[in-house]
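Biologist: I have a model open and a list of labels attached to it. Could you take me through the reasoning behind them?

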Amino acid sequence: MSLLVIIPAAGSGSRFGGPIPKQFQPLAGKPLVQYVVERFLLSGMVDRIVVAVTDALLTTVKQTPQDRVQFVAGGETRQQSVMKALEADSAECDVVAVHDAVRPFFRMSTFAALIAAAREHGAALPALPLTDTIHATRDGRLTATVDRSNLVAAQTPQCFRYEVLREALVRAQREKFDATDEAGLAAHYGYEVRVIPGDPFNIKITRQEDLELAEMHFAEWSQE
Ligand code: CTP
Ligand code: MG
């Protein structure tokens, strides 16, 4: 039994803006991506971590082959970054978790439930039912109200049996299909993907305001 964590951290953070990509913004005095890597290492559940970063950053990272954390060059899309990270890890593993570099507040209990569900069913993600009313719009005008009863908002970590993630990524690459997350990709190729209750505090730092919220939440946050 071994568990690999892939952290895609090669995005440009266009919605966040500013000179430093959001995954390197400090939270509690550490770059977000480092904070996330350390939480996984402390969990005691993880064997290895591969972080996909931009080429520019890669040249500054020093690594040795025995390190549990490996850095690789990411790709143009998140999915390509995940593929490159998976290809870089040559050791055997039975479950792979994919986690956004910019979600510092995932819960260990949810992570454990996701790993168990992935082992049993093949794939699992944390997600939250939508609470806001969802409208479709065009040219700044409301056109329709969407039935939200079956809609959920996806979070990470998303967990997969190794062969499920590998097969979905390889097929997607062959067919030039690009999904915004790996759970959606696995479902697209017909795999069963279990939905586990997510956590409202497991926010993704997308815009500047999210970092402000994260700093406020950090004051209350206790490491599990
Ligand atoms: N990501 C990546 N490689 C890419 C694009 C995104 O590794 N080519 C990573 C981001 O670094 C982030 C995660 O995927 O950790 C979630 O993506 P998102 O929040 O959309 O980040 P960005 O793509 O950087 O932001 P934006 O969409 O606003 O440009
Ligand atoms: Mg993006």
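Modeller: Happily; we can go through salt bridges, a strand and a helix in turn. Keep in mind that this is a predicted model.

Biologist: Let us start with R48 and D89: what makes the contact of their side chains a salt bridge?

Modeller: The N to O distance between the side chains of R48 and D89 is 2.8 Å. The cut-off is within 4 Å, from a side-chain nitrogen of Lys or Arg to a carboxyl oxygen of Asp or Glu, so the pair qualifies. By this rule, the count for the model comes to 10 salt bridges.

Biologist: Why is the R48 and D89 pair said to link distant parts of the chain?

Modeller: The two residues are 41 residues apart. R48 belongs to strand β4 (residues 48-53), while D89 sits in the loop between α3 (78-88) and β6 (95-98).

Biologist: And are R48 and D89 buried or exposed?

Modeller: Buried means under 20% relative accessible area. R48 has 18%, so R48 counts as buried. D89 has 10%, so D89 counts as buried too.

Biologist: How do you know that R119 and D94 form a salt bridge?

Modeller: Their closest N and O atoms are 3.4 Å apart, and the limit is within 4 Å, so this pair passes. Here R119 comes from helix α4 (residues 108-121) and D94 from the loop between α3 and β6, with their positions 25 residues apart in the chain.

Biologist: Why are R119 and D94 called partly exposed?

Modeller: Partly exposed lies between the limits of under 20% for buried and over 50% for exposed. R119 is at 33% and D94 at 24%, so both values fall in between.

Biologist: Now for D100 and R103: where do they lie, and what makes them a salt bridge?

Modeller: D100 lies in the loop between β6 and α4, and R103 lies in the loop between β6 and α4 as well. The closest N and O atoms of the pair are 3.0 Å apart, which is within 4 Å and therefore meets the rule. This pair belongs to a network of salt bridges linking R78, D100, R103 and E182.

Biologist: What makes D100 and R78 a polar contact as well?

Modeller: The side chains of D100 and R78 are joined at 2.3 Å. A polar contact needs N or O atoms within 3.5 Å, so that distance fits. The side chains of D100 and R103 also make a polar contact, at 3.0 Å.

Biologist: How do you know that D100 and R103 are buried?

Modeller: D100 has a relative accessible area of 8% and R103 has 7%. The limit is under 20%, so each counts as buried. Leaving aside neighbours within four places in sequence, D100 is in contact with I7, V36, R78, T156 and K204. On the same basis, the contacts of R103 include V36, Q155, T156, N202 and K204.

Biologist: On to strand β7: why is it described as largely enclosed?

Modeller: Strand β7 spans residues 123-129, and five of its seven residues are buried, so the rest of the structure largely encloses it.

Biologist: What makes β11, β12 and β10 pairing partners of β7?

Modeller: Pairing requires at least two bridges between strands. Two bridges join β7 to β11 (residues 158-161), running antiparallel, so that pair satisfies the requirement. With β12 (residues 194-197) there are four bridges, and the strands run parallel. With β10 (residues 152-154) there are three bridges in the antiparallel sense. A124 has C159 as its bridge partner in β11 and stands opposite R194 in β12, while P129 is bridged to V152 in β10.

Biologist: How do you know that the length of helix α5 agrees with expectation?

Modeller: Helix α5 covers residues 162-175; at 1.5 Å a residue, its 14 residues should span 20 Å, and its end C-alpha atoms are 20 Å apart, so the two agree.

Biologist: Why are the buried residues of α5 placed on the same side?

Modeller: The buried residues of α5 are V164, L165, A168, L169 and A172. They cover an arc of only 120 degrees around the axis, which puts them on the same side of α5. Their cover includes α3, β6, β11 and α6 (182-188). After α5 comes K176, which has a positive phi, near 55 degrees.

Technical notes. Residues are numbered from 1 along each chain as its sequence is written. Chains are lettered from A and ligands numbered from 1 in the order in which they are written. This is a predicted model: local features need pLDDT of at least 70, side-chain atom pairs count only at pLDDT 80 or more; totals for chains, interfaces and linings use all residues. Side-chain values use heavy atoms; hydrogens and water are left out. Buried means under 20% relative accessible area, exposed over 50%, partly exposed in between (1.4 Å probe, protein chains only). The expected span of a helix is 1.5 Å times one less than its number of residues. The arc is that of the directions from the helix axis to the C-beta atoms. Contact means heavy atoms within 4.5 Å. A polar contact is a pair of N or O atoms within 3.5 Å; within protein, one must be able to donate a hydrogen and the other to accept it, and residues adjacent in sequence count only if both atoms are side-chain atoms.
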